[in-house]
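Reader: Please take a close look at the aromatic side chains, starting from how they pair. I should also like a connected account of their surroundings and of the chain to which they belong.

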Amino acid sequence: MKGRIAMYAAGLALVAVGLRGIVLHVDAAGWALWFAGAAVLHDAVLVPAVLVAGLLTGRLPAWYRRTVRGALVVAGCVTAVALPLVLGYGRRADVPSRLPLPYGRNLAGVLSLIALAAALAVAVRLLRDRRAARGAPRHARTAEATGEATGRREEARHREGSGRREEGGE
């Protein structure tokens, strides 16, 4: 409980430092406009996009759905961070070394790698599920290899055998 109170106090102190910085160093009208714009962007763009992605992936099996949704979240975060660079905010013609890289191509490459990683994860899971459906062991340490299944069978046989002896003895 004391740790939680200490964390709350530290959080409130950081909020106070941030508010002090806004009041002393930032144009209040500009900050309010930025804050309102962020709220509108969140509510008008981000939330509907996440809901649509959820609907589109809703028919996938649970394990694949989690993988695809995770990849979409990562891709969305990467795109949100890279978008100002892709759009060239801050680029100046008189300073060619400012934003010199092909950020659009690089973003496409990173998004391709995210999609590839998700596709590989889904493919590996699909192959494992197919192998398990055919009865092949999923890995070397199966229930047979550890003796668990054999022990269960022996217990069942013992119960059946003792039950037969009791029936036969009467």
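Author: The answer below begins with the chain, turns to the aromatic side chains, and then moves to other side-chain contacts.

The model is predicted; local features need pLDDT of at least 70, and side-chain atom pairs count only at pLDDT 80 or more, whereas totals for chains, interfaces and linings use all residues. Residues are numbered from 1 along each chain as its sequence is written, and side-chain values use heavy atoms, with hydrogens and water left out.

The secondary structure comprises six helices and zero strands, where helices (H or I, at least four residues) and strands (E, at least two) are DSSP runs numbered from the N terminus. Read from the N terminus, the order of elements is α-α-α-α-α-α. Mean pLDDT over the chain is 83, with 79% of residues at 70 or more; pLDDT is the predictor's confidence in each residue, on a scale from 0 to 100. Of the elements, H4 has the highest mean pLDDT, 94, and helix H5 (residues 143-146) the lowest, 49. Where pLDDT is low, predicted coordinates should not be read in detail.

The search of the whole structure for aromatic pairs returns two. The rings of Trp31 and Phe35 are stacked, because their centres are 5.1 Å apart and their planes meet at 20°. In this scheme, rings of Phe, Tyr and Trp (its six-membered ring) pair if their centres lie within 6.5 Å; planes under 30 degrees apart count as stacked, over 60 as edge-to-face, and the rest as tilted. Trp31 and Phe35 belong to helix H2 (residues 28-56), and because four residues part them, about one helical turn separates the two. Both side chains have some accessibility: Trp31 is partly exposed at 31% relative accessibility, and Phe35 is partly exposed at 49%. Here buried means under 20% relative accessible area, exposed over 50%, and partly exposed in between (1.4 Å probe, protein chains only). The other pair is Trp63 with Tyr64, an edge-to-face arrangement with 5.8 Å from centre to centre and 85° between the planes. Trp63 counts as partly exposed at 26%, whereas Tyr64, at 12%, counts as buried.

The stacked pair also contributes to the surface. Trp31 and Phe35 join Val26 and Trp34 in a nonpolar surface patch with about 430 Å² of accessible area together. Such patches are made of residues with over 30% relative accessible area and no salt bridge; nonpolar side chains (Val, Leu, Ile, Met, Phe, Trp, Tyr) are joined within 5 Å, and like charges within 9 Å. Val26 lies in the loop between helix H1 (2-25) and H2 and is partly exposed, with a relative accessible area of 37%.

For the chain as a whole, accessible surface amounts to about 13700 Å², and carbon and sulfur atoms account for 67% of that. These areas come from the Shrake-Rupley method with a 1.4 Å probe; for residues, only the protein chains shown count as cover. Of the 170 residues in the chain, 8% are buried.

One of the buried residues is Thr67, at 17% relative accessibility, which is located in helix H3. Apart from neighbours within four places in sequence, Thr67 contacts Ala118, Ala121 and Val122, contact meaning heavy atoms within 4.5 Å. Among chain contacts between residues at least 6 apart in sequence, 39% join residues at least 24 apart.

Leu99 is found in the loop between helix H3 (62-87) and H4. At 16% relative accessibility Leu99 is buried, and its phi is near 55°, a positive value in a residue other than glycine.

The charged side chains complete the picture, with a count of two salt bridges (a side-chain nitrogen of Lys or Arg within 4 Å of a carboxyl oxygen of Asp or Glu). Asp94 pairs with Arg92, with 2.8 Å between the closest N and O atoms; Asp94 is exposed at 57%, while Arg92 is partly exposed at 39%. Asp129 pairs with Arg125 at 3.3 Å between the closest N and O atoms. Asp129 and Arg125 are four residues apart in helix H4 (residues 103-133), and therefore about one helical turn from each other. Both are partly exposed, Asp129 at 28% and Arg125 at 24%.
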